[in-house]
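User: I am new to this structure and would like to go through it step by step. Please keep the answers short and end each on what I asked for.

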Amino acid sequence: MPKTEDNAMQANQILLNLLSGFYWFDEGLQSYIRACGWPEVTRPQSMVMANVVMGVRRPSDIARRLGISRQAIHSTLKSMIDMGMVELADDPGNQRVKVVVLTPTGEAMRRDAQRAMQLMIATLVGRIGEDAFKATADTLARDWGAPMSFRPEDTGEDAGRKPG
């Protein structure tokens, strides 16, 4: 098999492995949250919480980071407000903008989620080893640069084309 096909297969496998790792953490987090007696949290809600905890608080910035529309983020935020997890407050730096703020309930959920992450990381380190865990975390934390953008002329002569 030519090297470019090997690279493409590896890229596909990396994508699936990244997604699988994400699901491993998210499903463990969901399980821990349920075990603590909290209401069911959807994947979009947990991703909003992760962004808020990381300091991304403007709904438009959260939407951009998650790759969803502003309408979708507002729908997710509304459900989180209804659950008592977050509220929208005036941005101290710009009164025309709202920011997402954890409520006391949301803060308690965040603490439980943090504990879940600590337990899952300890388990993962036990399974794959500390060196492998650190190498993976370091690799994923590197700046990969902007996402690639292609034009039709970049696809080459052999690329599949719509029948025309």
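The questions below go from the whole chain to single residues, and the model is a predicted one.

User: How many helices and strands does the protein chain have, and in which order do the elements run?

Analyst: The secondary structure consists of 6 helices and 2 strands. Read from the N terminus, the order of the elements is α-α-α-α-β-β-α-α.

User: What is the radius of gyration of the protein chain, set against that of a compact globule?

Analyst: The C-alpha atoms occupy a box of roughly 55 × 45 × 30 Å along the principal axes. For 164 residues, a compact globule would come out near 15 Å. The radius of gyration of the protein chain is 20 Å.

User: What percentage of the residues is buried?

Analyst: A residue counts as buried when its relative accessible area is under 20%. The accessible surface of the chain is about 11800 Å², and carbon and sulfur atoms hold 56% of that surface. Of the 164 residues, the buried share is 21%.

User: What share of the contacts with a separation of 6 or more joins residues 24 or more positions apart?

Analyst: The count takes in contacts in the protein chain with a separation of 6 or more. Among these, the share from residues 24 or more positions apart is 47%.

User: How many positive and negative side chains are there, and how far apart are the centres of the two sets?

Analyst: The chain carries 20 positive and 20 negative side chains. The structure also holds 10 salt bridges. The centres of the positive and negative sets are separated by 5 Å.

User: Which residue forms a salt bridge with Asp90, and is that partner buried or partly exposed?

Analyst: The bridge joins the side chain of Asp90 to that of Lys98, with an N to O distance of 2.7 Å. Asp90 has a relative accessible area of 38%, so Asp90 is partly exposed. Lys98 is at 41%, and therefore the partner is also in the partly exposed class. The residue asked for is Lys98, partly exposed.

User: Where do Glu107 and Arg110 lie, and how many residues apart are they?

Analyst: Glu107 and Arg110 form a salt bridge whose closest N and O atoms are 2.7 Å apart. An α-helix has 3.6 residues a turn, so residues three or four places apart point the same way. Glu107, at 26% relative accessibility, is partly exposed, and Arg110, at 23%, is partly exposed too. Both lie in helix α5 (residues 104–128), about one turn of the helix from each other, and the separation is 3 residues.

User: Which residues are joined with Arg151 into one network of salt bridges?

Analyst: Arg151 is partly exposed at 49% relative accessibility, whereas Glu153 is exposed at 56%. The salt bridge between Glu153 and Arg151 has its closest N and O atoms 3.0 Å apart. Salt bridges with shared partners link Arg151 into one network with Glu153 and Asp154.

User: Where is Gly84, and which residues is it in contact with beyond its neighbours within four places in sequence?

Analyst: Gly84 sits in the loop between α4 (70–82) and β1 (86–91). Its relative accessibility is 25%, so Gly84 is partly exposed. In space, its C-alpha is 53 Å from that of Gly156, which is 72 residues away in sequence. Setting aside the neighbours within four places, the contacts of Gly84 are Thr103, Thr105 and Gly106.

User: Is Asp26 buried or exposed, and which residues does it touch, not counting those up to four places away in sequence?

Analyst: Asp26 belongs to helix α1 (residues 3–35). Because its relative accessible area is 5%, Asp26 is buried. Beyond residues up to four places away in sequence, Asp26 touches Arg43 and Ser46.

User: Which residues of helix α2 are buried, and which residue just after α2 takes a positive phi?

Analyst: In helix α2 (residues 43–53), the buried residues are Gln45, Ser46, Val48, Met49, Asn51 and Val52. Just after α2, a positive phi of about 95 degrees is found at Gly55.

User: Which residues does Met120 touch, not counting those up to four places away in sequence?

Analyst: Met120 is part of helix α5. With a relative accessible area of 10%, Met120 is buried. Met120 and Leu88 are 32 residues apart in sequence, and their C-alpha atoms are 31 Å apart. Leaving out residues up to four places away, Met120 touches Trp24, Phe25, Gly28 and Leu29.

Technical notes: Residues numbered from 1 in each chain as written. Predicted model: local features only at pLDDT ≥ 70, side-chain atom pairs only at ≥ 80, totals over all residues. Heavy atoms only, no water. Rg over C-alpha atoms; globule rule 2.2 N^0.38 Å. Buried < 20%, exposed > 50% of the residue type's maximum accessible area, 1.4 Å probe, protein only. Contact = heavy atoms within 4.5 Å. Areas by Shrake-Rupley, 256 points an atom, 1.4 Å probe, with all protein chains shown as cover. Lys, Arg positive; Asp, Glu negative; His and termini not counted. Charge placed at Lys NZ, Arg CZ, Asp CG, Glu CD. Salt bridge = Lys/Arg side-chain N within 4 Å of Asp/Glu carboxyl O.
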